[in-house]
Amino acid sequence: MSGQYGKYLVTGGAGYVGSVVAQHLLEAGHQVVVLDNLSTGFREGVPAGAEFIEGDIRDAAKWLDSSFDGVLHFAAFSQVGESVVKPEKYWDNNVGGTMALIGAMRAARVRKLVFSSTAATYGEPTEVPIVETAATAPTNPYGASKLAVDHMITGECAAHGLAAVSLRYFNVAGAYGSCGERHDPESHLIPLVLQVAQGKREAISVFGEDYPTPDGTCVRDYIHVADLAEAHLLALGAPREGEHLICNLGNGNGFSVREVIDTVRQVTGHPIPEVVAPRRGGDPAVLVASADAARERLGWTPSRADLAGIVADAWAFAQSREG
């Protein structure tokens with residue numbers, strides 16, 4: 001990157017994580033171009049100050065040129081359940097679309113990439129906390145498609161000198177300014193519980209209460225979306241040409257489903273009725289990250305690890321959208 005500030009293409013920048021990262025880039029003084037086909041993103045989610053292009057990542061060659069310092073890539077389908085019944089959709093977009101994007105980057109000589117990967121690449125963990133050298137055995141096409149892209153990036157780095165970082169997220173939550181979760185359909189626990197608090201849902205389903213955890217419910221590692229965004233900015237300066245760095249992003253501690261529900265009760269002041277349902281297939285008991293690599297290679301330390309703070313930010317965003 002020449003000079004202190006750069007020009008970056010943010011694919012999927014109208015979505016949840018992409019929009020927050022785009023906002024952080026702008027606040028850091030960078031020039032931001034958002035590319036999103038709005039199939040799952042929202043035009044109003046694109047932060048003010050970013051140039052917006054409504055288009056598909058398969059057509060990135062129309063807009064990418066040597067004036068860009070790098071690409072931050074978030075444009076992917078991410079519904080695990082949907083990926084099981086429509087795997088072709090995930091292979092086509094997540095893998096085929098990314099292949100086209102990387103080809104456009106190669107042609108334009110844009111040689112820096114930060115990729116939005118996922119903890120779903122690991123599947124059922126054999127050890128917790130999960131480190132980046134753990135076996136990768138995704139249990140659904142979504143995780144498999146992200147792992148395929150990770151392999152694609154490794155080959156691109158070795159063959160063509162790309163400098164890349166794959167960031168494997170654990171459970172992203174919270175909100176930043178006017179950017180927060182609004183998936184359709186919603187599948188993430190915190191916004192689902194908040195919907196109960198808002199009266200939009202009668203109760204929250206607890207899928208299994210017989211796991212080998214302190215209260216019998218699944219335990220997950222929650223990371224604030226603003227901490228996640230800061231990791232992406234740090235990642236821009238981390239890899240060398242020809243290097244593909246893979247880092248987990250999580251807080252390194254976990255909260256159970258019931259702890260999340262109790263925290264929402266405390267933050268919102270609303271009773272949250274629960275309905276116990278059978279376990280879902282493929283749900284590991286505990287998913288907690290080791291973020292040592294991100295700390296050592298990126299200089300990243302999450303500063304918003306308090307679950308109540310994460311929920312409070314998500315609640316403020318949910319309330320701002322009522323009416």
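The paragraphs below walk through the strands, a buried helix, a pocket and the salt bridges of a predicted model.

A convenient place to begin is the set of parallel strands. Strand 1 (residues 7-11) runs parallel to strand 4 (residues 70-73), and four bridges join the two. Within this pairing, Y8 stands opposite G70 of strand 4. Strand 4 also runs parallel to strand 5 (residues 112-118), to which three bridges join it. Here V71 of strand 4 faces L113 of strand 5 as its opposite number. The side chains and backbone positions of strand 4 can be sorted by direction: G70 and L72 point one way, V71 and H73 point the other way, and all are buried. G70 and V71 therefore appear twice in this account, as buried residues of strand 4 and as residues with a named position opposite, Y8 for G70 and L113 for V71. Strand 5 in turn pairs with strand 6 (residues 163-169) in the parallel sense over seven bridges. In this pairing, S117 stands opposite R168 of strand 6. How many of the residues of strand 6 are buried? Seven of the seven are, so strand 6 is largely enclosed by the rest of the structure. Both of its faces are covered, with A163, V165, L167 and Y169 buried on one side and A164, S166 and R168 buried on the other. The charged residue R168 is thus listed among the buried residues of strand 6.

A further sheet is found later in the chain. It is open, has three strands in the order 12-9-14, and its pairing is mixed. Strand 12 (255-256) and strand 14 (286-287) stand at the edges with a single partner strand each, so one side of each is left without a neighbour in the sheet. Strand 9 (residues 219-220) pairs with strand 14 in the parallel sense, over two bridges. In one of these contacts between strands, V219 has V286 of strand 14 as its bridge partner.

Helix 5 is another enclosed element. Nine of its nine residues are buried, so the helix is largely enclosed by the rest of the structure. The buried residues are L189, I190, P191, L192, V193, L194, Q195, V196 and A197. What do they pack against? Their partners are strand 7 (171-173), strand 8 (204-207), strand 10 (222-224), helix 7 (257-268) and helix 9. Just after helix 5, G199 takes a positive phi of about 85°.

Helix 5 also contributes to a pocket. The second largest pocket holds about 290 Å³ of space. It is lined by 16 residues, of which E181, R182, E186, Q195 and R321 are the closest to its centre. Helix 5 (189-197) and helix 9 (307-320) are the elements that give two or more residues to this lining. By residue type, the lining divides into five nonpolar, five polar and six charged residues. Q195, one of the residues closest to the pocket centre, is also one of the buried residues of helix 5.

Turning to charged pairs, a search of the whole structure finds 18 salt bridges. Two of them involve E243. In one, the side chain of E243 meets that of R240, with an N to O distance of 3.5 Å. In the other, E243 meets R297, at 3.0 Å from N to O. E243 lies in the loop between helix 6 (225-235) and strand 11 (244-249), while R297 belongs to helix 8 (residues 292-298), so this pair ties together parts that are 54 residues apart in sequence. Are E243 and its partners buried or exposed? E243 counts as buried because its relative accessibility is 12%, a value under the 20% cut-off. R240, at 55%, counts as exposed, and R297, at 34%, counts as partly exposed.

Another salt bridge joins the side chains of E274 and R265, at 3.1 Å from N to O. Both residues fall in the middle class of accessibility: E274 is partly exposed at 29%, and R265 is partly exposed at 27%. The pair belongs to a wider arrangement, in which salt bridges that share partners join E209, R258, D262, R265 and E274 into one network.

Technical notes:
Residues numbered from 1 in each chain as written. Predicted model: local features only at pLDDT ≥ 70, side-chain atom pairs only at ≥ 80, totals over all residues. Heavy atoms only, no water. 1 Å grid on protein atoms, 1.4 Å probe; cavity = no way out; pocket = protein on both sides within 12 Å on 5 of 7 lines; lining within 4 Å. Points joined across faces, edges and corners; volume = space filled by probe spheres on them. Nonpolar A, V, L, I, M, F, W, Y, C, P; charged D, E, K, R; others polar. Pairing = 2+ DSSP bridges. Salt bridge = Lys/Arg side-chain N within 4 Å of Asp/Glu carboxyl O. Buried < 20%, exposed > 50% of the residue type's maximum accessible area, 1.4 Å probe, protein only. Contact = heavy atoms within 4.5 Å.
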